[in-house]
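Biologist: I should like a close look at a single part of this model, namely its sheet and what packs on it. Please describe the arrangement in one connected account.

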Amino acid sequence: MALARDVDLQRELLRIYGYREFRPNQREVIDALLCGRDVFVVMPTGGGKTLCYQLPAVISNGFTLVISPLIALMKDQVDAARANGIRAGVLNSSLEPAERAQTLDAMAADPGSEQALDLLYVAPERFADAAFNALLQRRPPALIAIDEAHCVSEWGHDFRPDYLRLGELTARCPGVPVAAFTATATRRVQADIVERLRLRSPHVVRASFDRPNLSYRVLLKDHQSSQINAFVRERRGLPGIIYRSTRKRVEQTATALQAKGIRAAPYHAGLDEETRTRNQEQFKRDEIEVIVATIAFGMGIDKSNVRYVLHADIPKSLEGYYQESGRAGRDGEPAECVLLYGAGDVATARYFINRVSDAEQRARAARSLAEMVRYAGSTSCRRVQLLRYFGESWAGASDESCCDVCAGAVSSVDITREAQIVMSAVVRTGRRFGIGHIVDVVRGANTERIRTLGHDRIKTWGVGAELPAVHWRRVIDALLSDGLLVQTDEKYPVITLGNGAREVLSGERSAGMIAHRPARAPAVAADRAQRSIDHHNPVYGELFERLRRLRKQIADEKGVPAYIIFTDRTLSDMAERRPSTLEALAQVHGVGAAKLARYGERFLRAVTVLPSLRSE
């Protein structure tokens with residue numbers, strides 16, 4: 001990559017982005033790329049991956065080719081780059097013929113010309129086009145950046161076959177460094193990505209997966225619809241995402257919230273493209289406050305001010321949960337990640353897993369679900385569990401903002417007697433029955449099946465009749481989570497005894513289960529987020545709201561989401577500093593040269609319009 005010797009990266013960082021310091025690992029990645037090395041970067045959402053290839057693109061002699069999986073994501077990235085004065089273009093199926101021709105001309109232009117691009121975003125499908133590959137041979141990029149690189153791995157959480165073609169890039173462009181970026185990857189996925197992309201002795205950076213601004217909670221499901229409504233009402237006005245496992249549940253939840261006067265919209269693959277796009281754009285532009293979605297929603301969202309992500313159904317894997325919950329708090333401000341957990345969800349997930357025909361995929365899905373069940377049912381710090389999954393230890397100090405466990409909202413209760421009852425029922429029924437039947441036995445259900453099998457005559461029939469079925473399902477899930485019970489992978493799975501079960505039966509070992517305080521716990525992180533906006537200062541709060549309204553007005557004029565103009569952090573710093581000149585405004589975090597020239601005067605007028613804002 002051609003780089004002028006006198007380029008000062010720190011100065012360029014301030015000029016383009018208005019940042020005075022690199023985030024952790026960014027400078028290391030940039031230096032490796034400028035030395036011509038391939039890199040593989042695992043950096044959590046909000047960690048600053050985009051800057052790692054954008055800054056080299058601006059100062060290099062030639063364009064950077066960025067491969068991104070979604071059209072919506074590319075549009076946001078191009079809009080954000082252009083807002084910072086970076087010459088960015090896109091080549092995808094959404095372009096009209098004239099726009100496509102213009103972009104191809106820019107791609108072929110001499111690097112020093114005004115028409116040339118710094119960044120060109122394309123979808124992986126583009127590499128199936130022979131004409132594009134031929135042009136790439138004639139005009140190779142200075143750098144290739146592969147975003148969402150986990151999509152190349154079948155071991156990852158979002159495998160996409162079109163990514164497999166990208167392994168040919170190192171051969172097609174032998175002198176061009178390739179950078180692969182992802183927000184989540186276990187060591188196994190990392191090795192798979194490096195192999196499939198054929199990276200050449202890459203410089204590997206694994207940033208910490210810790211997101212200190214996020215708090216994690218697990219709440220037991222209890223009248224779920226009311227729970228969700230109460231949760232959202234407590235956070236009224238704060239942008240949030242609610243994930244549901246099925247399209248039907250998405251529609252039901254969105255409709256219920258709308259009936260309560262909450263600006264909510266659904267998003268799932270069953271909606272027509274126009275509706276999906278409209279709902280997504282309204283959410284990104286703060287025209288609705290809640291998007292209710294399946295996991296089809298998320299990868300294309302760069303919205304920085306999402307204050308909470310609520311999983312109302314159990315996710316398929318810890319990796320997917322980390323990725324989806326990580327869409328909260330990209331701006332670094334406090335945000336909540338909450339999971340509603342119920343035994344019924346686990347049973348439903350197991351049902352669908354057991355319908356998977358491929359034995360290896362079925363076993364992999366079962367292991368992933370078991371990891372989620374352990375996470376939900378544990379009395380260990382949630383943050384520690386997530387970091388451990390990615391092979392990272394955490395030496396941070398626990399406090400109530402970390403998770404519900406650290407806040408003292410979760411404890412362990414002894415269920416040794418219940419465990420013995422369940423295990424006895426499993427043994428006495430021949431270890432040939434599933435969860436539902438065992439629950440019926442211990443509760444003394446008088447069904448035809450129970451009578452036909454003679455299970456109403458065994459010693460444990462009806463012993464647990466005083467407790468509801470949901471309690472016994474929670475007991476069984478706790479025992480499965482601890483490995484004291486094991487569920488088979490058959491079409492109709494049965495439960496049998498696991499390691500340590502006989503010690504529990506004999507009284508040599510105890511068994512435990514988590515207990516929660518009331519589900520409608522205070523919104524700790526949401527309160528912190530709102531306090532950070534209010535700043536305990538009515539003058540500051542009034543100015544911040546004025547700046548937010550101006551930002552929304554400009555964003556609407558430009559046809560882009562508000563966070564592309566300025567983030568909440570920039571507005572907060574602006575309200576704190578109250579600059580009165582352009583020179584002073586340039587000192588605000590996130591105000592680079594291009595944004596200062598385009599928006600500076602308007603924001604200065606907003607700051608100085610009220611005399612009371614010029615003094616404490």
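Modeller: The account below treats the sheet and then a helix that packs on it.

The model is predicted, so to speak of local features requires pLDDT of at least 70 and side-chain atom pairs count only at pLDDT 80 or more, while totals for chains, interfaces and linings use all residues. Residues are numbered from 1 along each chain as its sequence is written, and side-chain values use heavy atoms, with hydrogens and water left out.

Six strands form an open sheet with parallel pairing, in the order S8-S13-S12-S9-S11-S10. Strands here are DSSP runs (E, at least two residues), as are helices (H or I, at least four), numbered from the N terminus; two strands pair if DSSP finds at least two bridges between them. At the edges stand S8 (214–220) and S10 (264–267); each has a single partner strand, so one side of each is left without a neighbour in the sheet. On average, neighbouring strands of this sheet are turned by 15° against each other, direction ignored; axes are lines fitted to C-alpha atoms, for helices over the stretch in contact, and angles run from 0 to 180 degrees between N-to-C directions.

Within the sheet, S12 (residues 308–311) and S13 (residues 335–341) run parallel and are joined by four bridges. Leu310 has Val338 of S13 as its bridge partner.

Helix H11 (residues 273–284) packs on the sheet and touches S9 (240–243), S10 and S11 (290–293), where contact means heavy atoms within 4.5 Å. The direction of H11 makes about 135° with that of S10.
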